[in-house]
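Student: Could you take me closely through a single part of this model, and then show me what lies around it? I would like the strand pairing spelled out.

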Amino acid sequence: MTDTFQLDGEDVSFAPGQSVLQAALAAGRYIPHLCYHPEFKPHGSCKVCTVKANGGFGNRYAASCTLPAQAGLNVESETEEMNELRRTLVQMLFAEGNHFCPSCEKSGNCTLQALGSDLGVMTAGFRHFYPDRPVDASHPEFLLDFNRCILCELCVRASCEVDNKCVFALSGRGLDKHLIVNAASGKLADTDVALGDKAVDVCPVGVILKKRVGFAVPIGQRRYDQRPISAQALDDAPRQAAVGGCAACEGTS
Amino acid sequence: MSQKIRVATTSLAGCFGCHMSLLDIDERLFTLLEHVEFDRSPLTDIKHCGPCDIGLVEGGICNAENVHVLREFRKNCKILVAVGACAVTGGLPAQRNHLSLADCLQEVYVTEVSLEHGGIPNDPELPLPLDKVHPLHEVVKVDYFLPGCPPSADTLWKFLTDLLAGRTPSFAPELIRYD
């Protein structure tokens, strides 16, 4: 017997320790999310996965990636109110950086872009910041284009938790917050980042790019050309059979 | 017989790619022309926009003439539509926004070795470039946004047919592209 909570009026079962987002994805239910990645500790910073939850503490907005699933919890996610809030978050991310999709080699494989498309974001709406963020092309294998950084810390988490290198970190506060690399020179070439590192594969947008492979996949065959991110995310998530933590069940459905 | 819907189109700091995409609706153009007639547009060569129902504006705002034309469209069009990445975000021309305009002009017309060194153009007929490139909504109120470089023919067709049928335009994710 497993406990259940309500997601948009339907029962979702969960295993102890699962977050609302993990349990939902495992049950084949999509909650839009951006900085969450099934292989890393939830971060709760982008707030795109925010849901309205009522668990005896009154209505509360909470990031579902860090909200522990509890029996009897009543969660609203797929509502116009929540999706409008998510659209606004995505719009602010677009306005804050320099996201020129037509010339970006991550286009078609970009989580931010796919999320915007799936949520029906037609414009950033806000006044664009057009920040000045010079690229770092010092490394022979990788390019760092800071213009597109959304501060999700996935590379930071991957580099520390998986690669045991801590090549990346965020520095500064508020509007000045930015991605830095762990080298006295501040240049990626002077770090021990290498091909095969988890950190260089995990960027959801076009910041960490491998050189000499850009635009190799033609338009129409890229990750999000065929199916929206809401469908892709369910494919990627460990399914209900994997609730006990069976990584081998991943990818099966 | 009901009166035809009047549509004006223009390309500001754009490349006419969005207009090409409109032509890319192919034989559906015949159906469209049963319902609309074009006012100012590169397709008609009418130079100024009269009272219209729909204004389709491609390209962002990079010089004084763009501002003038955009305001003429806003004044005359009941529904103003930002068509394409440049109109919606400033697009590729806005990639100069983090640089100083003087440095850009200096680099292109004076320093760059592959070009004639004719100096920075200063003919009084040339519209003055703006310090920054702007998306349309930073200058006038925009009613609808169609992202994409360009928005696909199917996206444009869905938008126009929804609007002509009196529906609020809505799009499946595959019709919302930013590239």
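Tutor: Gladly! Two strands count as a pair if DSSP finds at least two bridges between them. Strands here are DSSP runs of E with at least two residues, helices are runs of H or I with at least four, and both are numbered from the N terminus. The model is predicted, with local features needing pLDDT of at least 70 and side-chain atom pairs pLDDT 80 or more, while totals for chains, interfaces and linings use all residues. Residues are numbered from 1 along each chain as its sequence is written, and chains are lettered from A and ligands numbered from 1 in the order in which they are written.

Let us look at the sheet in chain A. It is an open sheet of five strands in the order β2-β1-β5-β3-β4, and its pairing is mixed. Why are β2 and β4 of chain A left with one side free? These two strands, residues 10-14 and 59-63, stand at the edges with a single partner strand each, so one side of each lacks a neighbour in the sheet. Direction ignored, neighbouring strands of this sheet are turned by 35 degrees against each other on average (the axes are lines fitted to C-alpha atoms, for helices over the stretch in contact, and angles between N-to-C directions run from 0 to 180 degrees).

Now walk across the sheet from the β2(A) edge. Strand β1(A), residues 3-7, runs antiparallel to β2(A), and five bridges join them. One of the bridge partners to pick out is A:Asp11 in β2(A), which is matched with A:Gln6. The hairpin of these two strands has two residues between them, and there A:Asp8 takes a positive phi near 50 degrees.

Next comes β5(A). Two bridges join β1(A) to β5(A), and here the strands run parallel. Strand β5(A), residues 74-76, also pairs with β3(A), residues 50-54, through three bridges, in this case antiparallel. A:Val75 is a good residue to click on: it is the bridge partner of A:Leu7, and it is the bridge partner of A:Ala53 as well.

Stepping back, chain A is divided into domain 1 (3-78) and domain 2 (85-226), with bounds that come from an automatic or database domain assignment. The domain centres, taken over C-alpha atoms, are 26 Å apart. In domain 1 of chain A, 12 residues are in contact with 16 residues of domain 2 of chain A, contact being C-beta atoms, placed from the backbone, within 7 Å. On its side of these contacts, domain 1 of chain A has six nonpolar, four polar and two charged residues (Ala, Val, Leu, Ile, Met, Phe, Trp, Tyr, Cys and Pro are nonpolar, Asp, Glu, Lys and Arg charged, and the others, Gly among them, polar).

For a companion view, turn to chain B. An open sheet there has five strands in the order β2-β1-β3-β5-β7, with parallel pairing. Its edges are β2(B), residues 36-38, and β7(B), each with a single partner strand, so one side of each is without a neighbour in the sheet. Neighbouring strands are turned by 25 degrees against each other on average, direction ignored. Strands β3(B), residues 52-58, and β5(B), residues 77-83, run parallel and are joined by six bridges, with B:Val57 partnered by B:Ala82 in β5(B). Helix α3(B), residues 64-76, lies across β1(B), β3(B) and β5(B), running at about 135 degrees to β5(B).

Key:
Contact = placed C-beta atoms within 7 Å.
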